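Reader: Could you take me closely through one part of this model, namely the helix that begins the helical part of one chain, along with its surroundings? I would like a careful, connected account with the terms explained as they come up.

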Amino acid sequence: MFCRACGYACPDGAVQCTQCGSPLTPTYYQQPNQNPYQSPPNTSGLPQINTGYNPQGYYGMRPPTYLAQAILVTLFCCLPFGIVAIVYAAQVDSRWASGDIQGAKSASDNAKLWSWIGFGVVAALFVLGIVINIIAEVGGPRRRF
Amino acid sequence: MYLKIRYSLWGLTVLGVICVAYTLYWHEPTANSWYPRCFLHQYTGLHCPGCGGTRASHLLLHGHWWAAVQMNPLLIIGLPIILAGCAWQKCTKHIIPGFSQIVLWIVLLFFAIRNIPSPTTSWFAPTDMNSKNLEQQK
């Protein structure tokens with residue numbers, strides 16, 4: 001397991017980083033050693049907010065929603081793929097809140113997939129557009145002769 | 001190694017943003033045909049949630065912030081708030097209840113009202129302002 005603060009490779013199961021001492025977050029499919037119904041220690045210094053009933057523990061184990069990627073694809077790629085990714089991102093949150101861990105994980109995978117599809121299709125179309133422009137630029141004047 | 005890749009990706013992103021901002025500042029999107037066009041708008045005539053984003057960024061870089069908001073309110077006001085929310089959740093390890101559902105509904109509603117009653121007459125559709133017109137009005 002790698003420390004999220006300093007990147008040091010710590011032994012698996014360690015609670016604190018052996019290099020810098022910051023707390024280590026287990027990955028979400030790994031069962032924590034502590035009581036799963038116990039809320040995590042608040043180390044952020046910010047007020048604790050109610051995250052609702054969560055059978056599996058806390059944020060560190062929730063699959064990523066890819067919401068930031070999805071919203072960027074929606075705004076910059078101009079195709080409906082981004083909206084599909086946001087729908088899946090919303091499903092990660094709602095399924096996780098209702099305790100459906102497997103469902104949240106598959107929704108997370110779908111959100112990631114559709115963000116990449118949106119990005120890939122638009123990148124391909126832009127490259128194609130540039131190539132067509134270059135061909136038109138190079139081929140255009142010659143046709144007049 | 002892992003951290004090196006991570007930092008170089010962030011560096012490349014910052015460099016890319018600076019290059020795009022430089023191009024956007026010196027070249028007016030409505031006056032140059034080589035800017036990328038919205039595919040959805042080109043083929044269906046509908047305004048997508050990101051339409052007007054290039055023009056809005058250009059106006060914002062020239063200091064016309066209210067004109068930029070009128071061009072695309074979701075990009076200028078909504079995107080910083082949404083990204084800040086995502087970053088807050090990631091940094092503090094706290095889940096904001098219903099955050100992604102709210103974002104989904106905001107985007108869908110914005111997409112709808114940009115095209116109601118029609119894409120050309122909607123209040124939230126991109127306007128036909130540009131920075132040259134705005135500077136002449138002053």
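Author: What follows describes helix α1 of chain A, its helix partners and the spaces around them. This is a predicted model, in which local features need pLDDT of at least 70 and side-chain atom pairs count only at pLDDT 80 or more, while totals for chains, interfaces and linings use all residues. Residues are numbered from 1 along each chain as its sequence is written, chains are lettered from A and ligands numbered from 1 in the order in which they are written, and side-chain values use heavy atoms, with hydrogens and water left out.

In the segment before α1 of chain A lies Tyr66(A), which has a positive phi of about 55 degrees although it is not a glycine. Most residues other than glycine have a negative phi.

Helices here are DSSP runs (H or I, at least four residues), numbered from the N terminus. Helix α1(A), residues 67-77, packs against helix α2 of chain A, residues 81-97, at an angle of about 160 degrees, with their axes 8 Å apart; axes are lines fitted to C-alpha atoms over the stretch in contact, and angles run from 0 to 180 degrees between N-to-C directions. The two helices α1(A) and α2(A) are therefore roughly antiparallel, a label used for angles over 145 degrees. The crossing of α1(A) past α2(A) is left-handed, meaning that the near helix is turned anticlockwise from the far one by less than a right angle. Where they meet, Leu67(A), Ala70(A), Ile71(A), Val73(A) and Thr74(A) of α1(A) face Gly82(A), Ile83(A), Ala85(A), Ile86(A) and Ala89(A) of α2(A), contact meaning heavy atoms within 4.5 Å. The residues of this contact divide into eight nonpolar, two polar and no charged, where Ala, Val, Leu, Ile, Met, Phe, Trp, Tyr, Cys and Pro count as nonpolar, Asp, Glu, Lys and Arg as charged, and the others, Gly among them, as polar.

Helix α1(A) also packs against a helix of the other chain, α5(B), residues 73-92, at an angle of about 165 degrees and with the axes 10 Å apart, which makes α1(A) roughly antiparallel to α5(B). Here too α1(A) passes its partner α5(B) in a left-handed crossing. From α1(A), Leu67(A), Ala68(A), Ile71(A), Leu72(A), Leu75(A) and Phe76(A) take part, and from α5(B), Leu74(B), Leu75(B), Leu79(B), Ile82(B), Leu83(B) and Cys86(B). This contact of α1(A) with α5(B) has twelve nonpolar residues, no polar and no charged ones.

Helix α5(B) in turn meets helix α6 of chain B, residues 99-113, with axes that come within 11 Å and cross at roughly 170 degrees, and α5(B) and α6(B) are therefore roughly antiparallel to each other. Among the residues meeting there are Ile82(B) and Cys86(B) of α5(B), with Val103(B) and Ile106(B) of α6(B).

Finally, the structure holds one cavity of 30 Å³ or more, a cavity being a set of points on a 1 Å grid over the protein atoms alone where a 1.4 Å probe fits but cannot get out, with lining residues having an atom within 4 Å of a point. The largest cavity has a volume of about 40 Å³, volume being the space filled by probe spheres set on the points, which are joined across faces, edges and corners. Its lining includes Thr74(A), Ile83(A), Leu40(B) and Phe111(B), and divides into eight nonpolar, one polar and no charged residues.

Technical notes. Angles under 35 degrees count as roughly parallel, over 145 as roughly antiparallel, 65 to 115 as roughly perpendicular and the rest as oblique. On a 1 Å grid over the protein atoms alone, a cavity is a set of points where a 1.4 Å probe fits but cannot get out, and a pocket is an open set with protein on both sides within 12 Å along at least five of seven lines; lining residues have an atom within 4 Å of a point.
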